[in-house]
Structures are given as structure tokens and as C-alpha cells.
Amino acid sequence: MSSLEDIQSVRLKKLALLKETFGEVYPARTSRSHSIEEFLKKFSQFLRGKKKVVLAGRIRSLRTHGGATFADLEEDNERVQIFLRREDIGEKPYAIFADAIDIGDVIECTGKAYMTKKKEHTLLVSHWRILVKTLRPLPEKWHGLQDVEERYRTRALDLLSNESVRRIFEKRAKIITALRAYLDGLGFLEVETPALETTPGGA
């Protein structure tokens, strides 16, 4: 099994390749036209209209078959399959995708709605670019992040790996927003008080 240092060394080389190709590997903006949720809800319309769509998300799985690659793209708990073919995107862009993209990377894809033989809603990609290159591997697919201490030390990774934890954080945020709106409506004023003081005081 490769060590973390070995994995990072390989990914740094991939990062260099992506920088050479795209220039900016961590762009501040994306040209996303629709969310994955919107794309899936209006899939039949996109399929009939042949309109180009720009999606963005995190790669969750990769399946390569010769000159074609299937991948799962995730955004806000929604996933869609993307399909890249060498003949559609060109020899070099396809080779760079195959050589430099890993599970966990965030990419932007331009393409059209496509229905596979298995009737799976898919984006047939004509162009792609990197948005974020990950230098550390994500936790193992089926079991996620199991170590409790590791989960609390690396909250961002915990949220990325465990959907149930992510949903709890989302619900908590909505509850706090609703509570603030309710109290604001009653004329209450929110103030910041010391939270990490050794001696209690203030409000």
C-alpha cells in the first residue's frame, strides 16, 4: 500500500501537469450554468433541446474503458454521471484527464444531456477544466471516515465523507437561521459574548 507521502508526491506531479495545461489550477470563479440538481430535474428538456450545459462538482468515482471514461460528479449531495470520449474532447485533453484527475478533484464540465443504454442520465462532455486539485486521498469509498478522533480533528474531511453528518450540519444551520429570524421579529438584539474565557462574565 502506498504511503501518504508517496500519494502526495504523485499528485504534486499531476498538479504540475495541470498547471502547465490550464495555467490556473485553483480558479476563483466557475462558469457553471446549472446545478446538478437542476440538470437532473430538467433532464428531458435538455435532452430534447440539445442545449449545452456547464456543471461543476467533485469527482466521486472514475471508470475508464479504453478511449472512454465514466465518472460520478457530486455537488450538494446530488450526483450525476459524466461521460468523456477521446473523439469528443480531443486526444490531449482526454489524455490529461486520464493521467491527472483523481477521485476528490473538483472540475467543470461543458456538454449535453445524454441517455446511456442503461437509461442513466448523463452529461456527454465536450470540454472540461480543473477547479480544485486534491493532494490527499479521500477516505475509502464504502466505510468513509470511521475513526472518531480523526473525525473531530478534521471536521472538513468528516463533512466531505459522511453524508449523515453533513445533513446534521445543514439542519443545524437552518434551525439557527429560523431562530434568529423569529427573535429578530420580536425585537431582540443579538450580541457577541466571550465563549472561551476561563472566568465567566459579561452577559
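Me: Before we start, what does buried mean here, and what does exposed mean?
Reply: Buried means under 20% relative accessible area, exposed means over 50%, and partly exposed is in between. Please keep in mind that this is a predicted model.

Me: Thanks! Is K14 buried or exposed, then?
Reply: K14 has 16% relative accessibility, so it counts as buried, because the cut-off for buried is under 20%.

Me: Which residue does K14 form a salt bridge with?
Reply: That would be D102. The closest N and O atoms of the two are 2.7 Å apart.

Me: Where do D102 and K14 lie?
Reply: K14 is in helix α1 (residues 4-22), while D102 is in the loop between α5 (91-100) and β4 (106-115). They are 88 residues apart in sequence, so the pair ties together parts that are far from each other along the chain by that count.

Me: And is D102 buried or exposed?
Reply: D102 is buried, because its relative accessible area is 12%.

Me: How many salt bridges does the structure hold?
Reply: There are 13 salt bridges in the structure.

Me: Cool, what about E108, which residue is its partner?
Reply: E108 forms a salt bridge with R129, and their closest N and O atoms are 3.0 Å apart. This pair links distant parts of the chain, with E108 in strand β4 and R129 in strand β5, 21 residues apart. E108 counts as buried, at 5% relative accessibility.

Me: Which residues do salt bridges with shared partners join into one network?
Reply: That network is made of R11, K14, D102, D105 and K133.

Me: Switching topic: where is T134?
Reply: T134 sits in the loop between β5 (121-132) and α6 (148-153). With 12% relative accessibility, T134 counts as buried.

Me: Which side chains does the T134 side chain make polar contacts with?
Reply: One polar contact is with the side chain of R11, at 2.9 Å. Another joins the side chains of T134 and D105, at 2.8 Å.

Me: What else does T134 touch?
Reply: Leaving aside residues up to four places away in sequence, T134 touches R11, R58, I103, G104 and D105.

Me: Last one: where do K41 and E37 lie?
Reply: Both are in helix α2 (residues 36-41), four residues apart, which is about one turn of the helix. Their side chains meet in a salt bridge of 3.3 Å, N to O. K41 counts as exposed, at 65% relative accessibility, whereas E37 is partly exposed, with a relative accessible area of 38%.

How values were computed. Residues numbered from 1 in each chain as written. Predicted model: local features only at pLDDT ≥ 70, side-chain atom pairs only at ≥ 80, totals over all residues. Heavy atoms only, no water. Helix = DSSP H or I, 4+ residues; strand = E, 2+ residues; numbered from the N terminus. Buried < 20%, exposed > 50% of the residue type's maximum accessible area, 1.4 Å probe, protein only. Polar contact = N/O pair within 3.5 Å; in protein donor to acceptor, adjacent residues only side chain to side chain. Contact = heavy atoms within 4.5 Å. Salt bridge = Lys/Arg side-chain N within 4 Å of Asp/Glu carboxyl O.
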